Amino acid sequence: MGGARGLLQRRIDSFHRDRVTATWAGRRALQGRAPGPSSIILTRNDYLAISGHPHIVEAIERSLGRETAPLMAAPFLRDDHPQTLLEGAFARHLKAAAGVLCQSGWMANAGLIQVIAGPDVPVYLDQRAHASLRTGVQLAGAPLKIFRHNDPAHLAARLERHGPGVVVVDSVYSSHGSRCPLRAFVEVAEEHDSLLVVDESHSVGTHGLRGEGLVAAEGLQERVAFRTVSLSKAVPGRAGLVVCDDPGFVDYFKYEAGPAVFSSALLPHDTALLAAALDLVRREEGRRTRLRELTAWLRPELTALGYELGGGTEQIIALEVGREADVMLLRDLLERHDVFGAVFVPPATSVTRTLLRLSLHAGLTDAQAEQILHACAVVRDEAGMAGWLSTRRPAASGQAT
Ligand SMILES: Cc1ncc(COP(=O)(O)O)c(C=O)c1O
């Protein structure tokens with residue numbers, strides 16, 4: 001077979017030969033056994049454990065009863081449309097002047113970078129920032145400058161060399177749960193006349209008094225140009241959000257960003273779910289407290305067991321492993337103890353620094369937390385922890401998912 005079809009076939013064949021057969025022993029790397037009703041699921045980012053909450057379910061049911069799908073793109077939605085009104089509610093929640101909803105966090109990030117960067121506006125990205133931001137850089141045709149994780153001095157050096165642009169960080173990083181020193185980045189961005197974008201996907205709902213996220217909790221909302229949020233995490237829906245302080249930006253985004261102009265808006269039951277979830281997020285302070293308690297309890301215990309947690313401090317706990325086969329073995333062994341974590345392999349990590357990510361949630365009981373620790377203690381030697389370190393090389397090519 002020749003031509004484009006032949007080339008594609010060779011790529012598919014090499015995926016199956018090199019990855020599925022040689023590296024994963026014929027299995028799908030990200031799938032272990034199916035969990036049962038008593039399993040402890042740490043693969044999802046429903047941090048407040050509110051998906052399926054009656055308040056949300058009833059809102060969806062009410063909406064389905066009267067739903068007529070608009071099936072049109074965001075620029076067609078009028079100011080009194082429920083999606084537009086919800087944009088205002090989310091903006092107020094994050095203490096911003098304006099907001100715009102997208103179909104996913106991926107689209108929010110890609111669309112935002114597309115419309116604020118360009119060939120003469122470079123994008124400075126933390127090396128652990130989410131992969132969707134790189135897609136935005138490609139859409140914008142902008143030069144991409146990576147700086148070392150959580151290193152404002154390295155960012156400053158890059159800015160001095162390449163000039164002002166768009167600086168992008170995550171408030172809490174999705175791979176390791178490390179927290180960004182936001183104030184230091186705000187200062188560097190201001191000193192270099194650059195726009196700061198903060199992806200708050202893993203802090204909205206979980207951080208701040210009412211879950212308004214870290215930027216507002218630290219009083220930095222007027223100094224951060226844009227915040228983006230995946231609403232598939234603590235807000236357990238299927239959407240993305242961009243907020244900012246310039247109401248004029250919203251129409252600009254809706255008419256210029258690819259995901260807004262060329263893709264349909266949310267469905268009415270998505271909007272109903274998000275509105276009910278926002279309501280819960282704002283009032284369920286007890287769940288945030290529980291999440292913090294669990295994080296403060298499990299992290300040091302896992303470190304004491306010898307696990308490398310890669311500099312994380314928040315509710316996402318990454319066990320740094322070695323190669324792909326190592327992380328699959330660790331996952332399988334933990335699953336025998338009914339503890340389910342998420343495998344991270346390339347392109348989300350480098351080849352020698354794979355991760356098993358445990359996303360904590362507020363619904364975990366003390367007994368379940370003990371069970372997680374017990375399982376991690378029992379499996380570590382069988383999983384080959386002693387050998388992991390020797391296989392690891394510094395992470396370079398991985399992209400956060
Ligand atoms: C930091 C971050 N930003 C953006 C996204 C993309 O969000 P979504 O799943 O809503 O497309 C994710 C999801 O994995 C994420 O972790």
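The residues that line the largest cavity of this predicted model divide into seven nonpolar and four polar, with no charged residue among them. The volume of this cavity is about 50 Å³, and the structure holds one cavity of 30 Å³ or more. Its lining is formed by Ala-74, Gln-83, Leu-101, Cys-102, Gln-103, Phe-253, Pro-259, Ala-260, Ser-263, Ser-264 and Ala-265. Two elements, strand 2 (98-102) and helix 10 (258-261), each supply at least two residues of that lining. Rolling a probe the size of a water molecule over the atoms shows where empty space is left.

From the cavity the description passes to the ligand. The ligand is surrounded by 16 residues, and the closest are Gly-105, Asp-199, His-202, Ser-230 and Lys-233. Two of these closest residues also place side-chain atoms beside oxygen atoms of the ligand: a polar side-chain atom of Ser-230 lies 2.8 Å from one such oxygen, and an N or O atom in the side chain of Lys-233 is 2.9 Å from an oxygen atom of the ligand. In the case of Trp-106, a backbone N or O atom lies 2.9 Å from a ligand oxygen.

His-202, one of the residues closest to the ligand, is situated in the loop between strand 6 (195-199) and helix 8 (214-217). Its relative accessible area is 5%, and therefore His-202 is buried. Leaving aside residues up to four places away in sequence, His-202 touches Asn-45, Tyr-47, Val-172, Ser-174, His-207, Lys-233, Gln-315 and Ile-316. Lys-233 thus appears both among the contacts of His-202 and among the residues closest to the ligand.

Helix 6 offers a further view of the packing. Within this helix, which spans residues 152-162, the residues Pro-152, His-154, Leu-155, Ala-156 and Leu-159 are buried. The buried residues of helix 6 pack against three strands, namely strand 3 (123-126), strand 4 (144-147) and strand 5 (166-170), and against helix 7 (182-191). Just after helix 6 comes Gly-163, which takes a positive phi of about 90 degrees.

The last stop is Arg-290, whose place is in helix 12 (residues 285-304). Is Arg-290 buried or exposed? Its relative accessibility is 18%, so Arg-290 counts as buried, the limit for that class being under 20%. Apart from residues up to four places away in sequence, Arg-290 touches Ala-362, Leu-364, Thr-365 and Asp-366.

Methods:
Residues numbered from 1 in each chain as written. Predicted model: local features only at pLDDT ≥ 70, side-chain atom pairs only at ≥ 80, totals over all residues. Heavy atoms only, no water. Helix = DSSP H or I, 4+ residues; strand = E, 2+ residues; numbered from the N terminus. Buried < 20%, exposed > 50% of the residue type's maximum accessible area, 1.4 Å probe, protein only. Contact = heavy atoms within 4.5 Å. 1 Å grid on protein atoms, 1.4 Å probe; cavity = no way out; pocket = protein on both sides within 12 Å on 5 of 7 lines; lining within 4 Å. Points joined across faces, edges and corners; volume = space filled by probe spheres on them. Nonpolar A, V, L, I, M, F, W, Y, C, P; charged D, E, K, R; others polar. Near = heavy atom within 4 Å. Polar contact = N/O pair within 3.5 Å; in protein donor to acceptor, adjacent residues only side chain to side chain.
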